[in-house]
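Good morning, colleagues. Please have the sequence and the model open as I speak; I shall go through pockets, charged pairs and backbone geometry in turn.

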Amino acid sequence: MSATPTPSSSSSSSAAAAASASSSSSDAGSLRIDPERLRTYLDAFASPDVGGTPQGGVSRPAASDADKAARDRFTETARELGLEVRFDDVGNMTARRPGTDDAALPVLIGSHLDTVVPGGRFDGILGVAIALETVAAMNDADARTLRPVVVVNWMGEEGARFPPAMLGTGVITGQWDAAYAHSRTDADGIRLDDALERIGYLGEPEHRVGDFFASLEAHIEQGPQLEQSGALVGIVPRVEPVRWSMVRVTGTGGHAGGPGPGGRHESVVAAARMIVAARDAAVAVGAFKTTVGRMRVEPGSTNVIAHEAEFSLDVRARDDETLDRRLDELEALFRRIAGEEGVGVEIDRFWSMRSPAFDERIQRMLERAADARGIRWQHTVGTIGHDSVHLAGAGPTAMLFTQTRDGRSHCEDEFAPWESVVATAQVFADTALALANSGELDRAG
């Protein structure tokens, strides 16, 4: 579903009505973002001293030295905007702008600053920069809001150093407890709690985000839909679900010069067959995707037949029912291959991202904000996980997407066209203001 609206008196009045439940003198369309200031924020979180790479990307694993530098910069920037900065016991950061009713449930805006290695300069970073610019625009307009507005930097969204992904929001939404998060280790065996303590960002549980009125996140699309249609802004109805598994294959080890190749029970051969079979099944069906991003072989010597091989498996599909059915089929296929090769196989489904729908009332507010500005938008289903998926299970949540050139992300040449960035930031800011001035979401939506 898409729309390419032009401004109309009805859409403009609807957008203004969304902010009417407020004592503020500002209306929903009164904010004006500053594109150059937004660019400054974006550049500040992609510079070499916070993990920026010579090729124009960013390498900033969670709880690393580069992450500390970015967190320090977030703190400094937020305080310059008059915000109160806190961080909780799993490293989530918040920067609070008070409301006229400071006891009212807050509006959460923001994203994450950690990246994959090497990563791009937009993924997550753009969402934090747009949130900071939204607050700066509120300050420019001297806009007093009914509700507090809280800019967030969620910990460990990528899961690149301390899997699983979206760890920080997983804790605050009850997916895991703090002990689980603290026990996560990186490739060197370093625990998350130790890493956070080392960089000075292991905070207190009382600083965790609690109940919230609404949550709003801007992100690059990481796909081609917006670029292909020419729409500048994507309003996201939902994100497709994901399942992560670790597949452990055990065979019989031995010297490479010993018996064989006939009669061997090789873990690596069986694992390779499973990986290719999964890919072939996905290509044949076309309704799901499989990715193997990690593989470990024991003992890992050139002249030794490995007795064990382990690989990660990421499977994605359009809905939970399809995904679970395809994953069951893949597991049955792996067991058949294991039988043919005379090896053992163990499959651990260790992480699952379900696919809750984003709040339709906030989506309507985003649509009206775009209409009022004459900004071309379309509904854009997400295919990659985000913190907002966890948050959608805890309270009203919505997402906006910008265009991404060639759909590329998690790479140093990741790029979002500036026209799309500015349009997304403006729709985001208008909607954030309307949400922060809303007495009831039903009335706002």
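**A walk through the predicted model**

Let me begin with one residue: Asp 371 is placed in helix 11, which covers residues 360-373. Please keep in mind throughout that this is a predicted model. Asp 371 has a relative accessible area of 15%, and because buried means under 20%, Asp 371 counts as buried. From Asp 371 to Trp 244 the separation is 127 residues in sequence and 39 Å in space, taken from C-alpha to C-alpha.

Trp 244 brings us to the pockets. The largest pocket has a volume of about 1,100 Å³. It is lined by 42 residues, and those closest to its centre are Glu 158, Gly 159, Pro 163, Trp 244 and Arg 294. Which elements each supply at least two residues of that lining? They are helix 6 (178-183), strand 8 (242-250), strand 10 (288-291), strand 13 (308-317) and strand 14 (344-353). By class, the lining of the largest pocket comprises 17 nonpolar, 14 polar and 11 charged residues.

The second largest pocket has a volume of about 290 Å³. Its lining consists of 16 residues, of which Thr 94, Arg 96, Val 150, Arg 208 and Val 209 are the closest to the centre. Strand 2 (84-87) and strand 3 (93-97) are the elements that give two or more residues to this lining. Here the classes divide into 6 nonpolar, 3 polar and 7 charged residues.

Turning to enclosed space, the count is 1 cavity of 30 Å³ or more. The largest cavity holds about 30 Å³. Its lining is made up of Ala 62, Asp 67, Arg 71, Leu 113, Asp 114, Asn 153, Trp 154, Met 155 and Gly 156. Helix 3 and strand 5 (149-154) each contribute at least two of the lining residues, and the classes are 4 nonpolar, 2 polar and 3 charged.

On the surface, Val 268, Met 295 and Val 297 make a nonpolar patch of about 210 Å². Val 268 belongs to helix 9, residues 267-285. With a relative accessible area of 32%, Val 268 is partly exposed; patches take residues with over 30%, so Val 268 passes that cut-off.

I now come to the charged pairs. Side chains of opposite charge can pair when their charged atoms come close. How many salt bridges does the structure hold? There are 36, and I shall discuss three pairs and one network.

The first topic is pairing within a helix. Arg 39 and Glu 36 form a salt bridge with an N to O distance of 3.8 Å. The two residues are about one helical turn apart, because they are 3 residues apart in helix 2 (residues 35-44). Arg 39 is partly exposed, at 32% relative accessible area.

In helix 10 (residues 320-341), Arg 335 and Glu 331 are 4 residues apart, about one turn of the helix. Their side chains meet in a salt bridge at 3.9 Å, N to O. Are these partners buried or exposed? Arg 335 is partly exposed at 46%, whereas Glu 331 counts as buried at 10% relative accessibility. Elsewhere, salt bridges with shared partners join Arg 248, Arg 296, Glu 298, Glu 308, Glu 310 and Glu 346 into one network.

A further pair is Arg 198 with Asp 65, whose closest N and O atoms are 2.8 Å apart in a salt bridge. This pair links distant parts of the chain, with Arg 198 in helix 7 (residues 192-199) and Asp 65 in helix 3 (residues 65-80), 133 residues apart. Arg 198 and Asp 65 are both exposed.

Finally, the backbone. Most residues other than glycine have a negative phi, and most peptide bonds are trans. Where does the model depart from this? The peptide bond from Val 117 to Pro 118 is cis, with omega near -10°; Pro 118 sits in the loop between strand 4 (107-112) and helix 4 (125-140). Gly 260 and Pro 261 are also joined by a cis peptide bond, with omega about 5°, and Pro 261 lies in the loop between strand 9 (254-255) and helix 9.

As for phi, Asp 142 is not a glycine, yet its phi is positive, about 50°. Asp 142 lies in the loop between helix 4 and strand 5 and is exposed, at 59% relative accessible area. Gln 222, also not a glycine, has a positive phi of about 65°. Gln 222 is located in the loop between strand 6 (214-220) and helix 8 (225-229), and at 6% relative accessibility Gln 222 counts as buried.

Definitions and conventions
Residues are numbered from 1 along each chain as its sequence is written. This is a predicted model: local features need pLDDT of at least 70, side-chain atom pairs count only at pLDDT 80 or more; totals for chains, interfaces and linings use all residues. Side-chain values use heavy atoms; hydrogens and water are left out. On a 1 Å grid over the protein atoms alone, a cavity is a set of points where a 1.4 Å probe fits but cannot get out, and a pocket is an open set with protein on both sides within 12 Å along at least five of seven lines; lining residues have an atom within 4 Å of a point. Grid points are joined across faces, edges and corners, and a volume is the space filled by probe spheres set on the points. Ala, Val, Leu, Ile, Met, Phe, Trp, Tyr, Cys and Pro count as nonpolar, Asp, Glu, Lys and Arg as charged, and the others, Gly among them, as polar. Patches are made of residues with over 30% relative accessible area and no salt bridge: like charges are joined within 9 Å, nonpolar side chains (Val, Leu, Ile, Met, Phe, Trp, Tyr) within 5 Å. Accessible areas come from the Shrake-Rupley method with a 1.4 Å probe; for residues, only the protein chains shown count as cover. A salt bridge is a side-chain nitrogen of Lys or Arg within 4 Å of a carboxyl oxygen of Asp or Glu. Buried means under 20% relative accessible area, exposed over 50%, partly exposed in between (1.4 Å probe, protein chains only).
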